[in-house]
Amino acid sequence: MFKRLFVSAAVAAGCLASALSAQAEPEFTFVLEHVLGPKATAQAKFLEPWAQRIEEQSDGRIKIEIYPAMALGGKPTELYSHIRDGAVDLGWSALGYTPGVYPRSEVFELPFVHTGSAAITNMAIQDIYEEHLSQDFDDIKPLLIHVHTGQAIFTTEKKIESLADVEGMKLRAPSRTGAWMLESWGAQPVSMPVPDLPQALSLGVVDGALIPHEVAIPFKIPDMTQYAIEGDQGVRFGTLVFMFAMNKDRYEALPDDLKKVIDDNSGQNIAREIGEAWDAIEPRGEEIFAKSGELVTLSADETAKFAAKADEVIDRWIAEMNDKGVDGAAIVAAARAAIAKHSQ
């Protein structure tokens, strides 16, 4: 009899353990892939905390597995199609890596539209998203469209103190509008994803690059460059727009309560927080660079000369948008007004 009781107790305990184990198993396991390394701001300050919140707020029903640096294969230029086609569930990348797919969002990359704060521009993006930008994102589920703090000019040997100094230099462009900006300065743009930049600098393929300090840190750009140049009062030379998005079918397959968990951690609800995380790390990047290189701030007069060239780029973009049947001037005006509002 004691033997039967022992066996019964063991079976009951096993059943209970199995039930608890089953209860602890997530209902949905999502793969999140991005283009930078595991120590980059994108993962450390955004994607990891975001994934942890999703897991906690879903009571463990959602699990997020993060794969940095395109660890699942493919190139940064292919991540958008990976999200769209369901090869991954979630992804984070720069919109500029797939030029022409998101033309409206390029408005925030135009020179001197973004004024230097990721938090401010992120809020501005949310303000105009539905009316002016959403049409570009019909085939994926955007969770956040955002920017980084903005680009300085890093150079290997040449100290830039004027617009004339840039002429003829080969500089890495982060996007096609960034390339247009460099052309307007008389420089030679060389377009490439940021993971390719260290080798390009070491081999002399480029003389420098447009890149923020926070990105320069994990890629050890301060070890390869002597100067980092920004405009008067910290003005940066454009920025880059990023997309954090989910496969539409994966999102739609979620029950309403789990959709709400995702929605509560998307768009307007996280835009300022994520921008502030980017803004906070930029001064740290400047401090690191100053230990081995020279930080250069252009005079107000020279900054104005760079800014004057922005009109050429903006007019070119507006004309291209008009050719697509889109009112480019209206988008520029809306973007500038939204940034001005959040700058007050």
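**Exercise 1. The chain as a whole**

What share of the contacts in the chain with a separation of 6 or more is accounted for by residues 24 or more positions apart? State also the extent, the burial and the confidence of the predicted model.

*Solution.*
Step 1. Residues 24 or more positions apart account for 77% of the contacts with a separation of 6 or more, a contact being heavy atoms within 4.5 Å.

Step 2. This is a predicted model in which local features need pLDDT of at least 70 and side-chain atom pairs count only at pLDDT 80 or more, while totals for chains, interfaces and linings use all residues. Residues are numbered from 1 along each chain as its sequence is written, and side-chain values use heavy atoms, with hydrogens and water left out.

Step 3. The C-alpha trace spans about 95 × 45 × 35 Å along its principal axes. The chain has 12 helices and 11 strands; these are DSSP runs numbered from the N terminus, with helices being H or I of at least four residues and strands E of at least two.

Step 4. Of the 344 residues, 52% are buried (buried means under 20% relative accessible area, exposed over 50%, partly exposed in between, with a 1.4 Å probe and protein chains only).

Step 5. The mean pLDDT, the predictor's confidence in each residue from 0 to 100, is 93 for the chain, and 93% of the residues reach 70 or more. Over residues 1–13 the pLDDT is below 50, and this stretch has zero contacts beyond near neighbours in sequence. Residues 15–22 also stay under 50, with zero contacts beyond four places in sequence. Where pLDDT is low, the predicted coordinates should not be read in detail.

**Exercise 2. Helix 4 and helix 10**

Determine how helix 4 and helix 10 are arranged, and place Gln126 and Gly285 in this setting.

*Solution.*
Step 1. The axes of helix 4 (residues 118–133) and helix 10 (residues 271–290) come within 7 Å and cross at roughly 155°. Axes are lines fitted to C-alpha atoms, for helices over the stretch in contact, and angles run from 0 to 180 degrees between N-to-C directions.

Step 2. Helix 4 is therefore roughly antiparallel to helix 10 (under 35 degrees counts as roughly parallel, over 145 as roughly antiparallel, 65 to 115 as roughly perpendicular and the rest as oblique).

Step 3. On the helix 4 side the contact involves Ala118, Ala119, Asn122, Met123 and Gln126, which meet Ala271, Arg272, Ile274, Gly275, Glu276, Trp278 and Asp279 in helix 10. These residues divide into six nonpolar, three polar and three charged (Ala, Val, Leu, Ile, Met, Phe, Trp, Tyr, Cys and Pro count as nonpolar, Asp, Glu, Lys and Arg as charged, and the others, Gly among them, as polar).

Step 4. Gln126 counts as buried because its relative accessibility is 16%. Apart from residues up to four places away in sequence, Gln126 touches Leu144, Ile145, Gly267, Gln268 and Ala271.

Step 5. Gly285, in helix 10, is buried, with a relative accessible area of 2%. Gly285 touches His213 and Ile217, not counting residues up to four places away in sequence.

**Exercise 3. Helix 11 and helix 12**

Classify the packing of helix 11 and helix 12, and describe Asp327.

*Solution.*
Step 1. Helix 11 and helix 12 pack at an angle of about 130°, with axes 7 Å apart. Helix 11 is therefore oblique to helix 12.

Step 2. Ile314, Trp317, Ile318, Met321 and Asn322 of helix 11 make the contact with Gly328, Ala329, Ile331, Val332 and Arg336 of helix 12. The division is seven nonpolar, two polar and one charged.

Step 3. Asp327 lies in the loop between helix 11 (300–323) and helix 12 (328–343). At 47% relative accessibility, Asp327 counts as partly exposed.
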